[in-house]
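I'm opening a fresh page for this one. My plan is to look up a few things in turn and jot down what comes back.

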Amino acid sequence: MIELRDVSKVFHQGRSDELVAVSGLELSLEAGALTVFRGPSGSGKTTLLALVGCMARPSSGRIFVQGREVTSLPERFLTAVRRRTFGFVFQQFHLVRGVNALENVMLPAYPLGERRGDLVRRALGLLESLEIRHRASARADWLSGGEAQRVAIARALVNDPEVIVADEPTAHLDTRVSREVLGILAGLRDRGKTVLVASHDPLVHESPLVDRVVGMRDGRIEGEGT
Amino acid sequence: MILHPGVLALVLSSLLVSGMVLFASWQGLRVLRAWDLASGSARQLDLERRTYLVSTLLAAALGIELVSLFLYVFTADAVAPLLTGAMCAAGTLRATAFGTPVLLLKLVNFLLAGVWLVVNHADGLGHDYPLVRKKYALLLPLAPLVVLEAGGQLAHFAEIRPDVITSCCGSLFASGGDGLGADLAALPPGPSSVAFFVAVSAVFAVGAVFHATGRGGVPFALAAGLALPVALAGIVSFVSPYLYEMPTHHCPFCLLQREYGYVGYPLYATLLGGAVAGMGVGAIAPARRIESLAVAVPVLQRRLASASMLLYAIFTMIVTWRLDASALRS
């Protein structure tokens with residue numbers, strides 16, 4: 001599904017503040033699995049997700065998504081891959097303030113030019129499946145942390161991507177809500193999605209719902225577990 | 001130097017374009033030497049990022065290069081009243097030894113830059129930089145010409161002296177005189193008008209075949225490219241006298257003036273645009289065999305061919321209209 005070959009990412013290369021975020025990564029990620037990248041802050045988890053999700057380009061190495069090499073793609077091709085293949089869930093939710101939950105969910109689909117009626121039906125269906133439809137007309141800034149993360153997950157799913165990329169999705173949530181979010185991600189895996197999660201939360205990487213745990217430290221893979 | 005806004009714009013833009021083209025050529029040499037899409041090395045990834053940026057910037061710079069041809073003749077026409085003896089752009093261009101060569105150089109660079117922009121656009125339609133080596137190889141001969149043009153243009157404007165008498169277009173394009181302008185003016189109107197309409201008709205005929213069969217991109221490019229010098233010669237030899245309604249006046253520059261409704265601008269813009277679009281059809285024809293462009297290039301070729309035929313049609317309509325409306329016919 002996703003393969004990384006000798007991937008490195010260096011920020012501020014050649015300067016005094018050069019930072020090697022990930023180095024020489026060789027990794028294969030299976031389709032239809034819930035994989036967690038575990039590691040302390042600064043271990044390269046977020047950078048790795050950004051590279052896999054085509055939000056950043058590596059400094060060297062190649063990444064293959066569904067057999068297609070994506071690191072060399074010109075930006076407009078990369079945008080299409082990012083839009084159709086990946087759905088993103090962020091630590092800080094990144095919902096657009098002042099806009100209601102339904103509009104937030106529909107935003108990533110706007111560039112595709114779908115009929116609004118169809119889009120609204122699909123977005124409401126996603127909110128329904130995540131048990132948050134009753135908050136569809138609520139502004140994003142009025143939502144609780146748990147509600148906001150559910151809306152963010154619905155937004156990640158609106159283009160029906162094959163891969164869900166979640167960066168510390170439980171960082172701002174209490175234990176009960178964190179378990180619910182993890183359950184939602186596992187449910188997506190059960191529906192055939194590939195779910196990639198970066199987390200240093202033991203509740204996530206020690207959960208039996210997780211298929212694979214990849215340990216990271218100092219930008220390198222440290223160890224693996226299932 | 002005459003500090004006309006057009007002169008300043010031309011000098012500054014030519015320096016900018018020259019700098020961009022030189023930088024892009026240096027980048028192009030790196031691409032030609034080291035490009036290897038199969039490699040994931042830091043150098044290759046750096047080249048990929050840079051070539052995308054450089055192509056975008058260079059497309060803007062060469063867009064300026066296209067416009068500069070028209071600004072050059074507009075400026076030459078605008079400063080003509082300041083020069084003793086000059087009646088139009090022809091006198092300004094004749095005021096120094098650099099003026100006319102720079103115009104010819106600009107014409108060549110216009111065509112090369114236009115074709116480069118077409119190739120660059122085609123390259124952007126493929127996901128694997130399919131024409132990256134070819135477009136940088138094409139840039140290498142263009143770079144010295146652009147720099148030469150910038151230098152010549154600067155020398156031309158620097159050397160112009162308002163108090164030195166220059167020639168007027170009446171003597172430069174007199175059928176009994178010397179030089180290219182006089183030779184063109186001396187062409188017999190009958191055969192040159194036949195050549196003119198045959199050349200333009202060939203563009204439509206070959207273009208129709210290309211549209212019907214999807215084949216013949218290179219012959220269409222040749223027809224569109226050859227029609228340009230034939231049409232330019234025709235403008236001097238037989239179109240101009242009808243347009244000015246003076247049998248002895250063959251100047252190709254006076255028609256850029258207000259007295260003639262600035263008809264020269266749409267005339268030359270459609271002619272040059274038609275030639276570039278047509279030549280672009282041939283320039284990207286080999287790319288049809290590249291897997292990542294096999295679908296996109298034929299579509300682009302059809303659009304370019306349509307644009308070329310439309311522009312040549314407008315050009316021919318303007319010429320025919322002015323010939324038909326001329327008092328010289330009666």
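**Entry 1: chain B overall.** I started with burial: 46% of the 330 residues in chain B are buried. I'm keeping in mind that this is a predicted model. Next I looked up the secondary structure of chain B and got 11 helices and 0 strands. Reading along the sequence, I just wrote α eleven times: α-α-α-α-α-α-α-α-α-α-α.

Then I checked the dimensions. The C-alpha trace of chain B spans about 70 × 50 × 30 Å along its principal axes. Its radius of gyration is 21 Å, which agrees with the value near 20 Å that a compact globule of 330 residues would have. I also looked at the contacts in chain B with a separation of 6 or more, and 75% of them come from residues 24 or more positions apart.

**Entry 2: two domains in chain B.** The domain assignment splits chain B into domain 1 (1-160) and domain 2 (168-330). Their centres, taken over C-alpha atoms, are 23 Å apart. Each domain puts 24 residues into the contact between them.

Which helices supply the domain 1 side? I found α2 (42-79), α3 (89-94) and α4 of chain B, each with at least two residues there. The largest share is from α4(B), with 7 residues. By class, I noted 16 nonpolar, 5 polar and 3 charged residues on that side of domain 1 of chain B.

**Entry 3: one residue in α4(B).** I picked Val115(B), which sits in helix α4 (residues 99-124) of chain B. Is Val115(B) buried or exposed? Val115(B) has 23 other C-beta atoms within 10 Å, so I wrote down buried.

What does Val115(B) touch, leaving aside its neighbours within four places in sequence? My list reads Val276(B), Met279(B), Gly280(B) and Ala283(B). I followed up on Val276(B): it is 161 residues away from Val115(B) along the chain, yet their C-alpha atoms are separated by 6.2 Å.

**Entry 4: where the chains meet.** I moved on to the contact between the two chains, where 11 residues of chain B are in contact with 14 residues of chain A. On the chain B side, α2(B) gives the most, with 5 residues. I sorted that side of chain B by class and got 4 nonpolar, 4 polar and 3 charged residues.

**Entry 5: the sheet in chain A.** Here I found 4 strands forming an open sheet in the order β2-β1-β4-β5, with antiparallel pairing. Why do β2 (19-29) and β5 (68-69) of chain A each have one side left without a neighbour in the sheet? They stand at the edges with a single partner strand each, so nothing in the sheet lines that side. A reminder to myself: strands of a sheet pair through backbone hydrogen bonds.

I then spent some time on β4(A). Five bridges were the count I expected to check, and β1 (residues 2-11) and β4 (residues 60-65) of chain A do pair over 5 bridges. Ile2(A) stands opposite Val65(A), and Glu3(A) has Phe64(A) as its bridge partner. Toward β5(A), 2 bridges join the strands in the antiparallel sense, and there Phe64(A) is partnered with Glu69(A). So much for pairing; as for cover, 5 of the 6 residues of β4(A) are buried.

Last lookup: the hairpin of β4(A) and β5(A) has 2 residues between the strands, and Gln66(A) in the turn has a positive phi of about 50°.

Methods:
Residues are numbered from 1 along each chain as its sequence is written. Chains are lettered from A and ligands numbered from 1 in the order in which they are written. This is a predicted model: local features need pLDDT of at least 70, side-chain atom pairs count only at pLDDT 80 or more; totals for chains, interfaces and linings use all residues. Two strands pair if DSSP finds at least two bridges between them. The radius of gyration is taken over C-alpha atoms; the globule rule is 2.2 Å times the number of residues to the power 0.38. A residue is buried if 20 or more other C-beta atoms lie within 10 Å of its own, exposed if 12 or fewer, and partly exposed in between; C-beta atoms are placed from the backbone. Two residues are in contact if their C-beta atoms, placed from the backbone, lie within 7 Å. Domain bounds come from an automatic or database domain assignment. Ala, Val, Leu, Ile, Met, Phe, Trp, Tyr, Cys and Pro count as nonpolar, Asp, Glu, Lys and Arg as charged, and the others, Gly among them, as polar.
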